[in-house]
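Student: I have a fold on my screen and would love to talk it through with you. Could we go step by step?

Tutor: Gladly! Let's put it up and start with the overall picture.

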Amino acid sequence: MLDVQSLDTQVLSLFLEKFQAMKAAEKKGIQDLLDRMQQNLNISKGKVLKPIRLAVKGLNSGPDLAQLLSLLNPNTIITRVQSCLA
């Protein structure tokens with residue numbers, strides 16, 4: 001079983017890879033990406049959302065993550081996630 005840090009790193013790495021491949025950062029596409037990640041990693045939604053939210057906004061909770069990500073500049077999201085993985 002993965003420890004929390006390894007799981008968070010795996011989630012962030014997968015998110016970064018898939019997010020960078022998206023043609024447009026729209027709410028529906030981001031929500032679909034988050035849902036697929038949850039299914040593919042076979043983990044709870046919270047374990048997908050929490051590390052991404054922390055990396056992007058520095059918060060444990062907040063508004064709908066897909067909506068939040070759709071409002072932010074995609075380059076800002078990528079930079080913040082990359083800095084967490086560095």
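Student: Before anything else, what kind of model is this, and how many helices does the chain have?

Tutor: This is a predicted model, so let's read it with that in mind. From the N terminus on, the elements run α-α-α-α-α. There are 0 strands beside them, and the number of helices is 5.

Student: How does the radius of gyration of the chain compare with what the globule rule gives?

Tutor: Along the principal axes, the C-alpha atoms fill a box of roughly 35 × 25 × 25 Å. For 86 residues the globule rule gives 12 Å, and the chain comes close to that, so it is as compact as a globular protein of that length. The radius of gyration of the chain is 12 Å.

Student: What share of the contacts with a separation of 6 or more comes from residues 24 or more positions apart?

Tutor: One such contact involves L34, which touches L65. For the chain, with contacts at a separation of 6 or more taken as the total, residues 24 or more positions apart account for 57%.

Student: Now the inside. Which helix gives the most to the largest nonpolar core?

Tutor: That core has 25 residues, and F15, L34, M37, I52, L69 and V81 touch the most other members. Each of α1 (4-21), α2, α3, α4 and α5 (74-85) supplies at least two residues. With 7 residues, the top contributor is α1.

Student: Which residues does L34 touch, leaving out those up to four places away in sequence?

Tutor: L34 is among the core residues that touch the most other members. In soluble globular proteins, nonpolar side chains tend to be buried together. With residues up to four places away set aside, the partners of L34 are F15, V48, L49, I52, L65 and A66.

Student: Let's turn to charges. How many salt bridges are there?

Tutor: Side chains of opposite charge can pair when their charged atoms come close. The cut-off here is a Lys or Arg side-chain nitrogen within 4 Å of a carboxyl oxygen of Asp or Glu. By this rule the number of salt bridges is 3.

Student: Which residue forms a salt bridge with K27?

Tutor: The closest N and O atoms of this pair are 3.8 Å apart, which is inside the 4 Å limit. K27 is in helix α2 (residues 27-41), and its partner sits 37 residues away, in the loop between α3 (45-57) and α4 (65-71). K27 is partly exposed at 40% relative accessible area, and the partner is partly exposed at 37%. That partner is D64.

Student: How far apart in sequence are K28 and D32?

Tutor: Their side chains meet in a salt bridge at 3.1 Å, N to O. K28 is exposed, with a relative accessible area of 59%, whereas D32 is partly exposed at 29%. Both lie in helix α2, where about one helical turn separates them, a spacing of 4 residues.

Student: And K45 with D35: which helices does that pair tie together?

Tutor: The two side chains form a salt bridge at 3.7 Å, N to O. K45 and D35 are 10 residues apart in sequence. Relative accessibility is 37% for K45 and 26% for D35, so both fall between the 20% and 50% limits and count as partly exposed. With K45 in one and D35 in the other, the helices are α3 and α2.

Note on methods: Residues are numbered from 1 along each chain as its sequence is written. This is a predicted model: local features need pLDDT of at least 70, side-chain atom pairs count only at pLDDT 80 or more; totals for chains, interfaces and linings use all residues. Side-chain values use heavy atoms; hydrogens and water are left out. Buried means under 20% relative accessible area, exposed over 50%, partly exposed in between (1.4 Å probe, protein chains only). A nonpolar core is a set of buried Ala, Val, Leu, Ile, Met, Phe, Trp, Tyr and Cys residues joined through side-chain atoms within 4.5 Å. Contact means heavy atoms within 4.5 Å. The radius of gyration is taken over C-alpha atoms; the globule rule is 2.2 Å times the number of residues to the power 0.38.
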